[in-house]
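Work through these exercises with the model open beside you. Try each task before you read its solution.

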Amino acid sequence: MYKGGIQGLNRLSDYVHRGEVRDLRSRVAAILVPAGLLVGAGILLTPTVEAYRVGEIKTRDLPLLLALVAVAVAAVTATFTRRHVSLALVLSSAGFVLALVYAFFGAPDVALVAVLVETVVTLLLLGTSKLIPYKVLRSQADLPLGGKRWRRIFFSSVAGAFAFAVVWGALSQPAAETTVAEEHIRLAPEAHAKDVVTAILADFRGLDTLGEITVVALVVLGIATLLNRGRLP
Amino acid sequence: MRNTKKTGTGVMGILPRTVAKLLFLPALVAAVAILVKGYAQTGDGFSAGVVASLAVVLQYLAFGRQEAEKLPLVGLAGKGVFVGLLIGLLVAALPVALGDPVFNHYPGPGAHVVYLGTLELITPVLFDVGVFLLVFGFAVGSVRAIAHAIAREEEYRGPDADDLGVEDVAKGGRR
């Protein structure tokens, strides 16, 4: 009995492992599917009476809504686009309109960074696609989608619905406890700062920023190794 | 991209080149302004670094690799990454050596700060300068690396040669 159980578990583990390491897509799926199942179970099992509220839409929200519609259109277009250059442009247009959303939301620092990052990322994507021979790009873009179209549509709809439910739930029930945000705003003048965002990035949460810029430095080392035979660009 | 075939470096026509030339210095000035005013208004070292690097990348797009690399400091961009990281680490670690917590800022709260216009002489601004150098180095450095790789590729194949077929690449014939 015990031996049979161990062998069964071993076979199950081998089966899951083989499925997981098959390709990049199954590796990503191995993370996303359990996470999705847990989130879905959480949504379905917790009492949700009055947990989801629909706020009213005011006239001043119209520009924001229009921008969100444009983001949605760009995101859906990205799923139909096959050519790499068009894909880079469609994705960056989604990002640019999102920057507009941040601006309407009253977050100028985030909007500025979003516009700049989208521009640089688009240029880098276009530059790297120039490195791949045109024939390879074209043959990849012309690859058939495969016969599992409906399965993919099903999975993406379920994932989208759960993500929507999570975001909606989070926005309907903002956390009651006070965050450190007010503390940051109160302390900004003591840090000799008038812009609280910069004070957070460079002072209050400087250690976070240091970690992030270290990652960027490591990326440069990676690029130097891949493209420049290890010499700094 | 009219001259692309002829030169093989992706050099653009007269209009983008004029715009790129006109925009170069103002974009750098804007970057410095974003950096200096970071503690008083929207923007920080990160945005300033990206704006400055976009100014340089525009020169790459408009004039091609060889012309753009004649600009001063472009050759040092890759090293800027590590100078910036070093500045960040120093701002983080020096207070520890002086017996204060990590990232303690000088001058302390309420203490007198020297102002040069909008610029405040405080250690977080120095950290922001480090972020600026790092981001500038990253963006310009990676575009430089990609441009070099494209140039090497074209040298290897010849500018007018057709791209190799998929089957050649699959055999590893490209590299």
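**Exercise 1. Two helices of chain A**

At what angle do H4(A) and H5(A) pack, and how far apart are their axes?

Solution. Start with the source. This is a predicted model: local features need pLDDT of at least 70, side-chain atom pairs count only at pLDDT 80 or more, and totals for chains, interfaces and linings use all residues. Residues are numbered from 1 along each chain as its sequence is written, while chains are lettered from A and ligands numbered from 1 in the order in which they are written.

Step 1. Fix the terms. Helices (H or I, at least four residues) and strands (E, at least two) are DSSP runs, numbered from the N terminus. Axes are lines fitted to C-alpha atoms, for helices over the stretch in contact, and angles run from 0 to 180 degrees between N-to-C directions.

Step 2. Read the values. H4(A) and H5(A) pack at about 175°, and their axes are 8 Å apart.

Step 3. Classify. Angles over 145 degrees count as roughly antiparallel, so H4(A) and H5(A) are roughly antiparallel to each other.

Step 4. Sort the residues where H4(A) meets H5(A): 15 are nonpolar, five polar and one charged. Here Ala, Val, Leu, Ile, Met, Phe, Trp, Tyr, Cys and Pro count as nonpolar, Asp, Glu, Lys and Arg as charged, and the others, Gly among them, as polar.

**Exercise 2. The loop residue A:Ala107**

Is A:Ala107 buried, partly exposed or exposed?

Solution. Step 1. Locate A:Ala107: the loop between H4 and H5 of chain A.

Step 2. Apply the cut-offs. A residue is buried if 20 or more other C-beta atoms, placed from the backbone, lie within 10 Å of its own, exposed if 12 or fewer, and partly exposed in between. A:Ala107 has 16 other C-beta atoms within 10 Å, so it is partly exposed.

Step 3. Look along the chain. A:Ala107 and A:Val197 are 90 residues apart in sequence, yet 9.7 Å apart in space, C-alpha to C-alpha.

**Exercise 3. Where the chains meet**

How many residues does each chain give to the contact?

Solution. Step 1. Two residues are in contact if their C-beta atoms, placed from the backbone, lie within 7 Å. Chain A gives 45 residues and chain B gives 52.

Step 2. On the side of chain A that touches chain B, H5(A) has the largest share, 14 residues.

Step 3. By class, that side of chain A has 28 nonpolar, 10 polar and seven charged residues.

**Exercise 4. Inside chain B**

How many residues of H3(B) are buried?

Solution. Step 1. Chain B has seven helices and two strands. Of its 175 residues, 38% count as buried.

Step 2. In H3(B), 17 of the 19 residues are buried, so this helix is largely enclosed by the rest of the structure.

Step 3. After H3(B) comes B:Gly64, with a positive phi near 90°.

**Exercise 5. Unusual backbone**

Which two residues does a cis peptide bond join?

Solution. Step 1. Recall the rule. Most residues other than glycine have a negative phi, and most peptide bonds are trans.

Step 2. The cis bond joins B:Tyr106 and B:Pro107, with omega about -10°. B:Pro107 lies in the loop between H5 and E1 of chain B.

Step 3. B:Phe103 lies in the loop between H5 and E1 of chain B. B:Phe103 is not a glycine, but its phi is positive, about 65°. B:Phe103 has 23 C-beta neighbours inside 10 Å, so it counts as buried.

Notes
Angles under 35 degrees count as roughly parallel, over 145 as roughly antiparallel, 65 to 115 as roughly perpendicular and the rest as oblique.
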